[in-house]
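Trainee: I've just opened this one and don't know my way around yet. Can you walk me through it?
Mentor: Sure, ask away.

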Amino acid sequence: MSVPLFNLAPNLTVSRLCLGTMTFGEQNSLPQSLRLLDQAFDAGINFFDSAEMYPVPQRAETQGKSEEYFGQWVRKRKISRDRVVIATKVAGPSGQMSWIRDGPKCLDAKNITEAVDGSLKRLQMDHIDLYQIHWPDRYVPMFGETEYDPVRQFSSVPIEEQLDALGRAVDAGKIRYIGLSNETPYGVMKFLHFAENNVHYPKIISVQNSYSLLCRTFDSGMAECCHHERIYVLGYSPLAMGILSGKYFASDGAPSDARLNLFKGRYSEGESRYSLARNTLKLATMVNKILSTLVLQKNMVFILYHLQSPLF
């Protein structure tokens, strides 16, 4: 049975499942990546997600490989550009990735413009279907954090400046639609507010946030926000980095090539988000096994990353 399709935006029809390429170029070699893309495409998936900082764990030697591998696949297979939908992302400020525009130090217009051109060059394409801000320029609780601490707030790039840069890229034909990622209801509404009051600013069509049995922060304020504003949710990590597959609770502690084992000590973002010692993780894994069929909710797309090992 082919994956069902729906309209994410006018003239943008996508599959209900999106294949994430976050592991391509690090955990997955080029041949493995091409094979996974083939399998997804043959199953009816036409929607693919990447980011300029991928793959993870991130390092200078591999940065951009995920986008490059996807572009190579499209060319090697001679796939017509209108048969695939590619989403990618611009990295926000981190201070840890000095090889990406010196940090990047901020997400201003200059950084956004350079990032768009860099992604197009790696993809070897003339446009990106959905371009997303990977995480906000301002402080927000994310990547496992749930409580807002006003003390940590700092001066950030105005949203209007970001929308202006994105709007110029749209006008230039470099990107078709824009979206956000790892955002809060406040951020979503501010982007919508500014776009509503300036015809030159593009409106966001989606927000890509973590969503699984172990991460349900979307279900509160963000759910109401997206419902009323008709913003689609791209739910990433639906198996919580493979934890909900149950493999990490096997007697052998999961295969050595499972992500949290393979990159132990190098994947701080993943390791800090979930502690395998928590009983709630084991309970959620049991529930996930009972609910063996993922129910695709209305207005939601799940982004699947390749699991190196069998699920169960």
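Trainee: Which residues of α4 are buried?
Mentor: Ile159, Gln162, Leu163, Ala165, Leu166, Gly167 and Ala169. Keep in mind that this is a predicted model.

Trainee: And what covers those buried residues?
Mentor: The cover includes α3 (109–123), β6 (128–133), β7 (175–181) and α5.

Trainee: How many residues does α4 have, and how far does it reach?
Mentor: Helix α4 runs over residues 159–171, so to speak for 13 residues, and spans 18 Å from its first C-alpha to its last. That is close to the 18 Å expected at 1.5 Å a residue. After α4 comes Gly173, with a positive phi near 80 degrees.

Trainee: You mentioned α5. Where does Val188 lie?
Mentor: Val188 is in helix α5, residues 185–196. With a relative accessible area of 0%, Val188 is buried, because buried means under 20%.

Trainee: What is Val188 in contact with?
Mentor: Setting aside its neighbours within four places in sequence, Val188 is in contact with Leu180, Glu183, Ile204, Val207, Met222 and Cys225. Thr62 is another matter: Val188 and Thr62 are 31 Å apart in space, C-alpha to C-alpha, and 126 residues apart in sequence.

Trainee: OK, switching to rings. How many aromatic pairs are there?
Mentor: The structure holds seven aromatic pairs. One of them joins Phe6 and Tyr232, a tilted pair with 5.2 Å centre to centre and 55 degrees between the planes.

Trainee: Why does that pair tie together parts that are far along the sequence, 226 residues apart?
Mentor: Because Phe6 lies in strand β1 (residues 5–9) while Tyr232 lies in strand β9 (residues 232–236). Both Phe6 and Tyr232 are buried. Phe6 has a charge over its ring too: the charged end of Arg16 sits there, 4.2 Å from the ring centre.

Trainee: What about Tyr139 and Tyr148?
Mentor: Those two form a tilted pair, 5.3 Å centre to centre with 35 degrees between the planes. Tyr139 counts as buried, at 6% relative accessibility.

Trainee: Which residues do ring pairs link into a cluster?
Mentor: Phe41, Phe48, Phe70 and Trp73. Phe48, Phe70 and Trp73 also turn up as the residues with the most contacts inside the largest nonpolar core, which has 52 residues.

Trainee: So what does Phe48 touch?
Mentor: Leaving out its neighbours within four places in sequence, its contacts include Cys18, Leu19, Leu37, Ala40, Val84, Val85, Ile86 and Ala87, along with Phe41, Phe70 and Trp73. Apart from that core lies another of 26 residues, among them Met22, Ala91, Ala258 and Ala284.

Trainee: Last topic, Asp49. Is Asp49 buried or exposed?
Mentor: Asp49 is buried, with a relative accessible area of 0%. Asp49 belongs to strand β4, residues 47–49.

Trainee: Which side chains does the side chain of Asp49 make polar contacts with?
Mentor: One polar contact is with the side chain of Gln132, at 3.2 Å. Another, of 3.1 Å, joins the side chains of Asp49 and Gln208.

Trainee: And what lies 2.9 Å from the backbone oxygen of Asp49?
Mentor: A polar atom of the side chain of Thr21. Thr21 is in the loop between β3 (17–20) and α1 (30–42), and Thr21 is buried, with a relative accessible area of 1%.

Notes: Residues numbered from 1 in each chain as written. Predicted model: local features only at pLDDT ≥ 70, side-chain atom pairs only at ≥ 80, totals over all residues. Heavy atoms only, no water. Phe/Tyr/Trp six-rings, centres within 6.5 Å; stacked < 30°, edge-to-face > 60°. Helix = DSSP H or I, 4+ residues; strand = E, 2+ residues; numbered from the N terminus. Buried < 20%, exposed > 50% of the residue type's maximum accessible area, 1.4 Å probe, protein only. Lys NZ or Arg CZ within 6 Å of the ring centre and 35° of its normal. Core = buried A, V, L, I, M, F, W, Y, C linked by side-chain atoms within 4.5 Å. Contact = heavy atoms within 4.5 Å. Polar contact = N/O pair within 3.5 Å; in protein donor to acceptor, adjacent residues only side chain to side chain. Expected span 1.5 Å × (residues − 1).
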